[in-house]
Amino acid sequence: MKTDNTARLRSERTWLRADACHLDDLAALVARRTDPGAYPHASEVVSNVLIYDSADVRRRAASSDTRQSLLAEWVEALTDGPGILVFRAAFPDASTVDAASAHFWAMIEEQRATKV
């Protein structure tokens, strides 16, 4: 018979409590340096952030073996590494992203103006 409570364990992993947060732990995480050699599919590391060239990613992802390697690298980067991935030129046509960004910035300006 299973003795652990899956829901309780999941909740403890997911929800942070004030008594479980320690500034020294955060400082140690922030001080870590991203080793480019540990992420061979990244095109570069800038300010400890992994940068991927999207055209290269699309080319490599065409092979199931390389795609699996890419996905494994990203999981590790997000769970135990820098925690962030950037995909340069992720969208060949950036007009939709630009339009969404314009709306986003307009919302921010409106909130600043109304102090909401």
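Just 16% of the 116 residues in this protein are buried, and keep in mind that the model is a predicted one. The overall dimensions are worth a look next. The radius of gyration comes out at 20 Å, while a compact globule of 116 residues would sit near 13 Å. If you lay the C-alpha trace along its principal axes, it spans about 55 × 50 × 35 Å. The protein exposes about 9,300 Å², with carbon and sulfur atoms supplying 59% of that area.

Now for the layout of the chain. You'll find five helices and three strands, and reading from the N terminus they come in the order α-α-β-β-α-α-β-α. How much of the contact list comes from residues 24 or more positions apart? Counting contacts with a separation of 6 or more, such residues account for 51%.

Some of the links between distant parts of the chain can be followed through aromatic rings. The structure holds four aromatic pairs. Take Tyr52 and Trp74: their ring centres are 5.8 Å apart and their planes meet at 85°, and since an angle over 60 degrees counts as edge-to-face, that is the label this pair gets. Tyr52 belongs to strand 2 (residues 49–53) and Trp74 to helix 4 (residues 64–79), so this pair bridges distant parts of the chain, 22 residues apart. Both of these residues, Tyr52 and Trp74, are buried.

Tyr52 has another partner, Phe87. Here the ring centres lie 5.5 Å apart with the planes at 25°, so this pair is stacked. Once again distant parts of the chain are linked, with Tyr52 in strand 2 and Phe87 in strand 3 (residues 85–88), 35 residues apart. Are these two partners buried or exposed? Tyr52 is buried, as its relative accessible area is 0%, whereas Phe87 is partly exposed at 31%. Put the ring pairs together and Tyr52, Trp74 and Phe87 form a linked cluster.

Let's finish on the surface. Which residues make up the nonpolar patch of about 430 Å²? The contributors are Leu23, Leu26, Leu29 and Val30. One of them, Leu26, sits in helix 2 (residues 23–31). Leu26 has a relative accessibility of 47%, and because exposed means over 50% and buried means under 20%, Leu26 counts as partly exposed.

Technical notes: Residues numbered from 1 in each chain as written. Predicted model: local features only at pLDDT ≥ 70, side-chain atom pairs only at ≥ 80, totals over all residues. Heavy atoms only, no water. Patch = residues over 30% accessible without salt bridge, like charges linked within 9 Å, V, L, I, M, F, W, Y side chains within 5 Å. Areas by Shrake-Rupley, 256 points an atom, 1.4 Å probe, with all protein chains shown as cover. Salt bridge = Lys/Arg side-chain N within 4 Å of Asp/Glu carboxyl O. Helix = DSSP H or I, 4+ residues; strand = E, 2+ residues; numbered from the N terminus. Buried < 20%, exposed > 50% of the residue type's maximum accessible area, 1.4 Å probe, protein only. Phe/Tyr/Trp six-rings, centres within 6.5 Å; stacked < 30°, edge-to-face > 60°. Rg over C-alpha atoms; globule rule 2.2 N^0.38 Å. Contact = heavy atoms within 4.5 Å.
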